[in-house]
Amino acid sequence: MCGICGCSDPEGNGVRVGHTHTHDHSHDHSHDHAHDHQHQRTTLETDLLQKNDLLAERNRGWLAGRGLTAINLVSAPGSGKTTLLEVTLRSLMADQPCCVIEGDQESEQDARRIAATGCPAVQINTGAGCHLEADMVARGLAQLDPDSGTLVFIENVGNLVCPALFDLGEQARVVLISVTEGEDKPLKYPHMIRTADLLILTKTDLLPHLDFDIERCEAWARQVRPDLPILRVSARNGEGMEAWMAWLKAHRVANLSSQAVQQEAVASRAADN
């Protein structure tokens, strides 16, 4: 699993770096005994991310070859990803084929909720892992086997740290921050904000009952990423849902157009050869 954050380590000690020799001698004597732990750790992290990025590119090609658009939803736990998906799917499913890959450490709760909308869903449990990785998404896509033109939603494990590092092969990453969280989340988790294609501020129907400065949150998000599109959304009262649907449609159309151009270029090169 993840050697970056240490979720693969049952002892909770982060990345475990092995020695090629044992230490059965005392260290009560003074001598230079170099341990290049930092170099080994950096190399391990680089190797892990490179392997994931390669698999992510394969996913991207697989999606493009079938005319699919994948949206990766990321957030802290409890921000309302599943509720937003439920409402979104009930609105889209009549005209737009969709499917969902659900990521959680344990249980199939969210997959059941999504299936209740009539949308095909597969649950990926990461165990001790704190995020989805490209190989997990590949297995989910193979199991779902979506038809051409399907909109694929990937609901990542609730976490604003590691998912920022792991490309899944998606065409867009949407970050959710709920108004029940602190407005300083964009400053605390800047890498996630920098990698986002859209920021959704959720549960806005609760604003009258909370001490949450939404303008400050948006300003801090744009301090990190000046050109970041931001939507204010409530899945419960419908605020912002029309804008969210419009964003999804526009992004899907743009992605399919881009895929078509890429496929024409590939075909042209093949013909020249």
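Two strands count as paired if DSSP finds at least two bridges between them, and helices (H or I, at least four residues) and strands (E, at least two) are themselves DSSP runs, numbered from the N terminus. The structure described here is a predicted model, in which local features need pLDDT of at least 70 and side-chain atom pairs count only at pLDDT 80 or more, whereas totals for chains, interfaces and linings use all residues. Residues are numbered from 1 along each chain as its sequence is written, and side-chain values use heavy atoms, with hydrogens and water left out.

**Strand β2 and its neighbours**

Strand β2 covers residues 98-104 and runs parallel to strand β3, residues 121-125, to which five bridges join it. Within this pairing V100 stands opposite A121, and D104 stands opposite N125. Between the two strands the chain passes through helix α3 (residues 109-115), and this β-α-β crossover is right-handed, a term that applies when, with the strands pointing away from the viewer, the path from the first strand over the helix to the second runs clockwise. Strand β2 also pairs with β4, residues 151-155, again in parallel and over five bridges, and there I101 has I154 as its bridge partner.

How many of the residues of β2 are buried? Seven of the seven are buried, so the strand is largely enclosed by the rest of the structure; buried here means under 20% relative accessible area, exposed means over 50%, and partly exposed lies in between (1.4 Å probe, protein chains only). In a regular strand the side chains alternate between the two faces of the sheet. In β2, C98, V100, E102 and D104 lie on one side and C99, I101 and G103 on the other, and both of these faces are covered.

**Strand β6 and its neighbours**

Strand β6 is likewise mostly covered, with five of its five residues buried. From this strand L198, I200 and T202 point one way, while L199 and L201 point the other way. Strand β5 (residues 172-178) runs parallel to β6 and is joined to it by five bridges, with S178 standing opposite T202. Strand β7 (residues 230-232) also pairs with β6 in the parallel sense, over three bridges, and in β7 the bridge partner of L201 is R232. The chain crosses from β6 through α7 to β7, and this β-α-β crossover is right-handed.

**Helix α4 and the residue after it**

Helix α4 spans residues 134-144, and among its residues A134, M136, V137, G140, L141 and L144 are buried. Why can these residues be said to line one face of the helix? Seen down the axis of α4, they fall within an arc of 155°, so they line one face; the arc is that of the directions from the helix axis to the C-beta atoms. A142 and Q143, by contrast, are exposed on the other side of α4. Just after the helix comes D145, with a positive phi of about 45°, a value found here in a residue other than glycine.

**Four residues with accessible surface**

The table places D145 beside three other residues that are exposed or partly exposed.

| Residue | Place | Relative accessible area | State |
|---|---|---|---|
| G78 | loop between β1 (69-75) and α2 (81-92) | 54% | exposed |
| D145 | loop between α4 and β4 | 52% | exposed |
| H191 | helix α6 (residues 190-194) | 37% | partly exposed |
| K203 | loop between β6 (198-202) and α7 (214-224) | 27% | partly exposed |

Two of these residues can also be placed in relation to distant parts of the sequence. G78 and T180 are 102 residues apart in sequence, yet their C-alpha atoms are 9.1 Å apart in space. H191 and C162 are 29 residues apart in sequence, with 9.7 Å from C-alpha to C-alpha. K203 has a positive phi of about 60°, although this residue is not a glycine.

**The largest pocket**

A pocket is an open set of points on a 1 Å grid over the protein atoms alone, where a 1.4 Å probe fits and protein lies on both sides within 12 Å along at least five of seven lines; its lining residues have an atom within 4 Å of a point. The largest pocket holds about 160 Å³ of space, a volume being the space filled by probe spheres set on the points, which are joined across faces, edges and corners. Its lining residues include G78, D104 and K203, together with P77, K81, E155 and others. By class, the lining has two nonpolar, five polar and five charged residues, where Ala, Val, Leu, Ile, Met, Phe, Trp, Tyr, Cys and Pro count as nonpolar, Asp, Glu, Lys and Arg as charged, and the others, Gly among them, as polar.
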